[in-house]
Amino acid sequence: MDNECIFCKIINGDFGTEFVYETETTVVFNDINPKAPIHMLVCPKKHIPSLNELEDKNLMADLLQTVKDVTQKIGLKSYKTEINTGKEAGQEVFHLHIHILGK
Ligand code: AMP
């Protein structure tokens with residue numbers, strides 16, 4: 001856990017944020033400023049600043065599996081995913097996350 005990281009604090013339960021879905025290695029919660037009717041964020045529990053620092057192939061697989069499982073759980077068949085990597089690409093929170101956007 002990175003004590004300065006807002007997503008680490010969410011994952012740690014500091015704000016009582018509800019998790020839409022959770023696995024041993026990942027969590028999913030709703031984006032606070034949704035850009036679509038459904039806007040969720042899939043995060044690794046471990047603090048990894050961005051995709052550039054992700055080396056664990058099992059965790060890569062877990063993140064995509066979580067995308068599949070959470071969308072299936074809520075019955076969302078059509079959706080977009082987005083990973084912003086680096087400030088210039090629009091990354092604001094430096095804890096790796098996959099946006100899921102749907103209607
Ligand atoms: P990115 O620009 O890819 O780093 O996306 C960061 C996302 O995190 C934005 O869509 C924000 O609305 C969202 N966000 C920031 N703070 C929170 C929070 N406390 N709870 C949920 N989502 C958040």
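## Exercises on a predicted model

In this predicted model, strands β2 (residues 26-30) and β3 (residues 38-44) run antiparallel and are joined by 5 bridges.

**Exercise 1.** Determine which residue of β3 is the bridge partner of Asn-30, and then establish the order of the strands in the open sheet.

*Solution.* Begin with the pairing of β2 and β3, which is antiparallel. Within β3, Met-40 is the bridge partner of Asn-30. Next, extend the view to the whole sheet: it is open, has 5 strands with antiparallel pairing, and follows the order β1-β2-β3-β5-β4. The edge positions belong to β1 (21-22) and β4 (79-82); each has a single partner strand, so one side of each is left without a neighbour in the sheet. Finally, place the helix: α2 (residues 57-74) lies across β1, β2, β3, β4 and β5 (98-102), and runs at about 150° to β3.

**Exercise 2.** Classify the geometry of the aromatic pair formed by Phe-7 and Phe-29, and state which parts of the chain the pair ties together.

*Solution.* The structure holds 1 aromatic pair. In general, such a pair is described by the distance of the centres and the angle of the planes. For Phe-7 and Phe-29, the centres are 5.3 Å apart and the planes stand at 85°. Planes over 60 degrees apart count as edge-to-face, and the pair of Phe-7 and Phe-29 is accordingly edge-to-face. Since Phe-7 belongs to helix α1 and Phe-29 to strand β2, the pair ties together parts that are 22 residues apart in sequence.

**Exercise 3.** Describe the largest pocket by its volume, its lining residues and the character of that lining.

*Solution.* The space in the largest pocket amounts to about 490 Å³. Its lining comprises 21 residues, and those nearest the centre are Phe-7, Asp-31, Ile-32, Leu-41 and Val-93. Now assign the lining to elements: α1 (6-11), β2, β3 and β5 each supply at least two residues, and α1 gives the largest share, with 3 residues. By residue class, the lining consists of 9 nonpolar, 8 polar and 4 charged residues.

Methods
Residues numbered from 1 in each chain as written. Predicted model: local features only at pLDDT ≥ 70, side-chain atom pairs only at ≥ 80, totals over all residues. Heavy atoms only, no water. Pairing = 2+ DSSP bridges. Helix = DSSP H or I, 4+ residues; strand = E, 2+ residues; numbered from the N terminus. Contact = heavy atoms within 4.5 Å. Axes fitted to C-alpha atoms, helices over the stretch in contact; angles between N-to-C directions. 1 Å grid on protein atoms, 1.4 Å probe; cavity = no way out; pocket = protein on both sides within 12 Å on 5 of 7 lines; lining within 4 Å. Points joined across faces, edges and corners; volume = space filled by probe spheres on them. Nonpolar A, V, L, I, M, F, W, Y, C, P; charged D, E, K, R; others polar. Phe/Tyr/Trp six-rings, centres within 6.5 Å; stacked < 30°, edge-to-face > 60°.
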